[in-house]
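Reader: I should like to learn how to read the features of a protein structure. Could we work through one together?

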Amino acid sequence: MGADLNYNSSVPLYAQIVELIQRDIETGVFNQTGRLPTEGELAEQYQVSRITIRRAVDELVGQKLVEKKQGKGTFLCAPKMTRRVDSGPISFTEMCAANGLSAHAKILEAGIVAPDSAEIRETLALKAGEPAVRIRRLRYAGERPLVLEDNFYPLEYACLLSIDLEKDSTYRYLREEKGIELQRTSMRLTIVRADSKLAKLLQVPKNAPQLEMKGRVVRLDGQTVHSSYQVGYGEDFEFIIR
């Protein structure tokens, strides 16, 4: 007979199996492989039909605890990360720390350039051809590439180019080293589809939905610190609005 199953209970067998697998997920039984046993293995373990196992697994899929991958098996879903957007600016590093992960970055571009975007020039109050500091990074949460970040700063913030942009937080540096408090004045959210370049950077399928965030961050006196652009996060993410 299947371990821990009560065949005389009024609770259906599939529902009992759901509870048992939920318990095993919570206690880390499947953490090493990240996947459930096959339907045949589960059917043998619990001494029930594959139909019963399939119903139990479908219930777990509906609860977003596991996901089926065609031809590969059933895998644990990655835990959702959260980010608050109902308060002041929070650095990517701080967001990762709040989710129990370390943050680092791959520098794609860091230097002084003349922005070719009229929107960015307007945000920074620049004339055509006037230079700004550009910091473009691929941000990692743990070992996972999560966000493409592309920010422009007025030239007075060229000091940011001297810090370790792969490991350090620009917000930490501005707050702790320069005494600058930051505020977000606006943020626009849009769902976009990953093109081939973005898909390769974020290691997601082409056309996978991603969240695009555009905004502006200022000092307490209203002076613009940087234009803000991020795209990524994907489906395993929750934003807390209030």
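Author: Let us begin with a pair of charged side chains: R172 and D168 meet in a salt bridge, with 2.8 Å from N to O. Please keep in mind that this is a predicted model.

Reader: What does a contact have to satisfy to be called a salt bridge?

Author: A side-chain nitrogen of Lys or Arg must lie within 4 Å of a carboxyl oxygen of Asp or Glu. By this rule the count here comes to 13 salt bridges.

Reader: Are R172 and D168 buried or partly exposed?

Author: The label depends on relative accessible area: under 20% is buried, over 50% is exposed, and partly exposed lies in between. D168 counts as buried because its relative accessibility is 19%. R172, at 26%, counts as partly exposed.

Reader: Which residues are joined into one network with D168 and R172?

Author: Salt bridges that share partners join D168 and R172 with E176 and E177.

Reader: How should I read a salt bridge between separate strands?

Author: Consider both the distance in space and the separation in sequence. R134 forms a salt bridge with E109, and their closest N and O atoms are 3.2 Å apart. This pair links distant parts of the chain, since R134 is in strand β5 (residues 132–141) and E109 is in strand β4 (residues 103–113), 25 residues apart. E109 is partly exposed, with 26% relative accessibility.

Reader: Which other residue forms a salt bridge with R134?

Author: D150 does so, the closest N and O atoms being 2.7 Å apart. D150 lies in strand β6 and R134 in strand β5, so this pair ties together parts that are 16 residues apart in sequence. D150 has a relative accessibility of 13% and therefore counts as buried.

Reader: Which residues form a nonpolar patch on the surface?

Author: I112, L155 and L161 form this patch, and together they have about 240 Å² of accessible area. L155 lies in the loop between β6 (144–153) and α6 (170–177). With a relative accessible area of 40%, L155 is partly exposed.

Reader: Finally, how is a pocket described?

Author: One may give its space and then its lining. The second largest pocket holds about 310 Å³ of space. Its lining has 18 residues, of which S117, E119, I120, S227 and Y229 lie nearest the centre. At least two lining residues come from each of α5 (118–124), β6, β7 (182–193), β8 (209–219) and β9 (224–232).

Reader: How many residues of each class does the lining of the second largest pocket have?

Author: By class, that lining has 6 nonpolar, 6 polar and 6 charged residues.

Technical notes
Residues are numbered from 1 along each chain as its sequence is written. This is a predicted model: local features need pLDDT of at least 70, side-chain atom pairs count only at pLDDT 80 or more; totals for chains, interfaces and linings use all residues. Side-chain values use heavy atoms; hydrogens and water are left out. Patches are made of residues with over 30% relative accessible area and no salt bridge: like charges are joined within 9 Å, nonpolar side chains (Val, Leu, Ile, Met, Phe, Trp, Tyr) within 5 Å. Accessible areas come from the Shrake-Rupley method with a 1.4 Å probe; for residues, only the protein chains shown count as cover. Helices (H or I, at least four residues) and strands (E, at least two) are DSSP runs, numbered from the N terminus. Buried means under 20% relative accessible area, exposed over 50%, partly exposed in between (1.4 Å probe, protein chains only). On a 1 Å grid over the protein atoms alone, a cavity is a set of points where a 1.4 Å probe fits but cannot get out, and a pocket is an open set with protein on both sides within 12 Å along at least five of seven lines; lining residues have an atom within 4 Å of a point. Grid points are joined across faces, edges and corners, and a volume is the space filled by probe spheres set on the points. Ala, Val, Leu, Ile, Met, Phe, Trp, Tyr, Cys and Pro count as nonpolar, Asp, Glu, Lys and Arg as charged, and the others, Gly among them, as polar.
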